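Subject: Handover of a structure

Dear colleague,

Please find the structure below, together with its sequence. My notes on what was found in it follow.

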Amino acid sequence: MDRLDNTIRPYAWGSTTAIPRLLGAEPTGEPQAEMWMGAHPGAPSRTVRGTLTEVIDAAPERELGAASVAKFGPRLPFLLKLLAAGAPLSLQVHPDLEQARRGYEDEERRGIPAAAPHRNYKDANHKPELICALTEFDGLCGFRDPLRAAELLDGLGVDPLKPYVDLLHAHPEDAALREVLTAILTADPEETAHTVTEAAAACDRLGGAYAPYADIAHHYPGDPGVIAAMLLHHVRLQPGEALFLGAGVPHAYLNGLGVEIMANSDNVLRCGLTPKHVDVPELLRIVRFEADDPGVLRPEATPDGEELYDTPVDEFRLSRYVLPAGGTARDLTLSTPQILLCTAGSVRAGEHELSPGASVFVPAGEKAEVSGTGTLFRATVVA
């Protein structure tokens, strides 16, 4: 197995302290938003054999296993991250596999440069993802029932929001949500900025259920995404709890540290809380306008001590092991590729001693014996 040397991405929304605290390092004063573990071309993990991308490219079946290569091709189909949000991320959705393929082919055919700021589809893959909280973790996930959203907006007492309240009462669920989100994102920017400022002041004054939106408005003053965010569930995860984000589900992470895993894709359509490009027509085509419970996941224990976060995708499978003091060694060998990440305590994986934040890549079929006292996350695929 290969010890991984991983890149930390300094996105502006990142916490300055959460990842350094986990790693036992001194903060630099700069945001440290994400630590990437995998073979994503944007920041592949490094090993003594070269980057993980180079290692896999040199012998895909040896590293990934024949079943994984047959199902997903000669690449690692997931990206594992530590994610540390100190400020809200953009409000966003991801396409399903067919939408991603068609969108990518269309933009390639039209000759839109891959790095163009108005490009929506960087690849032909979908991007389901799972976030598991290591600390208390706040996020937005999925639409509220339209009547509950109307009640929240109406409670602000802001007159320019009344038409949205009426729309949420006047139509079937999907039409109501579609019309309101469309109206929010296509309204006059100057008028919207005034409305958001007034709504933010009301959120500040009222507190309680409005407090998360006051904080969002503090980070993104005047942004229409502040109003759009109020259509969504606010979720507070406790350590060990998780959220699965499927295609078309609007979401945003607000604050906290977690382990995130996703299909290996960069496809994001934004709908607010960002200075980046917002393609409203394409966004409205991708969003699933369905009110639903956000579905907080708790791990399901298996007889061998594995705690599995069950999701409906094959590109990734995330689980954890909480290793007790004095416990016996465990054999985690699989016929699929794995990344093992320590998040607490001290864990020995093969010949490697892992402290919090340390990780290893385990090729398919490679012996993977672990021992020690701590928490170990395992990322692999379903092949």
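I begin with a residue close to the start of the chain numbering, Asn6, which sits in the loop that links strand 1 (2-3) to strand 2 (7-9). Please keep in mind throughout that this is a predicted model.

With a relative accessibility of 13%, Asn6 counts as buried, because the limit for that class is under 20%. Two polar contacts involve its side chain. One, of 2.6 Å, joins Asn6 to the side chain of Ser45; the other, of 3.0 Å, runs from the side chain of Asn6 to that of Ser359. Leaving out residues up to four places away in sequence, Asn6 touches Met35, Trp36, Met37, Ser45, Arg46 and Ser359.

A second loop residue is His40, placed between strand 3 (34-37) and strand 4 (46-47). Its relative accessible area is 7%, and His40 is therefore buried. The side chain of His40 reaches the backbone nitrogen of Gly42 at 2.9 Å. Apart from neighbours within four places in sequence, the residues in contact with His40 are Thr53, Leu79, Asn264 and Asp266.

Two further loop residues deserve mention. Leu273 belongs to the loop between strand 13 (269-272) and helix 12 (280-286). Its phi is near 60°, a positive value in a residue other than glycine. Leu273 has 1% relative accessibility and so counts as buried.

Ala358 is in the loop between strand 19 (352-354) and strand 20 (359-362). At 11% relative accessibility, Ala358 also counts as buried. Beyond residues up to four places away in sequence, Ala358 touches Arg3, Leu340, Leu341 and Cys342. The C-alpha atoms of Ala358 and Val347 are 9.5 Å apart, and the two residues are separated by 11 residues in sequence.

I now turn to the packing of helices. Two packed helices are described by the angle between their axes and the distance between the axes.

How do helix 6 and helix 7 cross, and at roughly what angle? The axes of helix 6 (residues 146-154) and helix 7 (residues 162-170) come within 8 Å and cross at roughly 160°. This makes the two helices roughly antiparallel, because angles over 145 degrees fall in that class. The crossing of helix 6 past helix 7 is left-handed. On the side of helix 6, the contact is made by Pro146, Leu147, Ala149, Ala150, Leu153 and Asp154, and on the side of helix 7 by Lys162, Tyr164, Val165, Leu168 and His169. Sorted by class, this contact has eight nonpolar, one polar and two charged residues.

Helix 7 also packs against helix 8 (residues 173-186), at an angle of about 160° and with the axes 8 Å apart. Helix 7 and helix 8 are therefore roughly antiparallel to each other. Here the crossing is right-handed. Tyr164, Leu167 and Leu168 of helix 7 meet Ala176, Leu177, Glu179, Val180, Ala183 and Ile184 of helix 8. The contact between these helices has eight nonpolar, no polar and one charged residues. Tyr164 and Leu168 of helix 7 thus appear in the contact with helix 6 and again in the contact with helix 8.

Which way are helix 9 and helix 10 turned relative to each other? Helix 9 and helix 10 (residues 211-219) pack at an angle of about 135°, and their axes are 8 Å apart. They are therefore oblique to each other. The crossing of helix 9 and helix 10 is left-handed. Ala200, Cys203 and Asp204 of helix 9 make the contact with Tyr213, Ala214 and Ala217 of helix 10. By class, there are five nonpolar, no polar and one charged residues in this contact.

One more residue of helix 9 (residues 189-206) is Ala201. Is Ala201 buried, partly exposed or exposed? With a relative accessible area of 43%, Ala201 is partly exposed. Its C-alpha atom is separated by 9.2 Å from that of Leu156, which is 45 residues away along the chain.

To summarise the loop residues, Asn6, His40, Leu273 and Ala358 are buried. As for the helices, helix 7 is roughly antiparallel to helix 6 and to helix 8, whereas helix 9 and helix 10 are oblique.

With kind regards

Key
Residues are numbered from 1 along each chain as its sequence is written. This is a predicted model: local features need pLDDT of at least 70, side-chain atom pairs count only at pLDDT 80 or more; totals for chains, interfaces and linings use all residues. Side-chain values use heavy atoms; hydrogens and water are left out. Helices (H or I, at least four residues) and strands (E, at least two) are DSSP runs, numbered from the N terminus. Buried means under 20% relative accessible area, exposed over 50%, partly exposed in between (1.4 Å probe, protein chains only). A polar contact is a pair of N or O atoms within 3.5 Å; within protein, one must be able to donate a hydrogen and the other to accept it, and residues adjacent in sequence count only if both atoms are side-chain atoms. Contact means heavy atoms within 4.5 Å. Axes are lines fitted to C-alpha atoms, for helices over the stretch in contact, and angles run from 0 to 180 degrees between N-to-C directions. Angles under 35 degrees count as roughly parallel, over 145 as roughly antiparallel, 65 to 115 as roughly perpendicular and the rest as oblique. A crossing is left-handed if the near helix is turned anticlockwise from the far one by less than a right angle, and right-handed if clockwise. Ala, Val, Leu, Ile, Met, Phe, Trp, Tyr, Cys and Pro count as nonpolar, Asp, Glu, Lys and Arg as charged, and the others, Gly among them, as polar.
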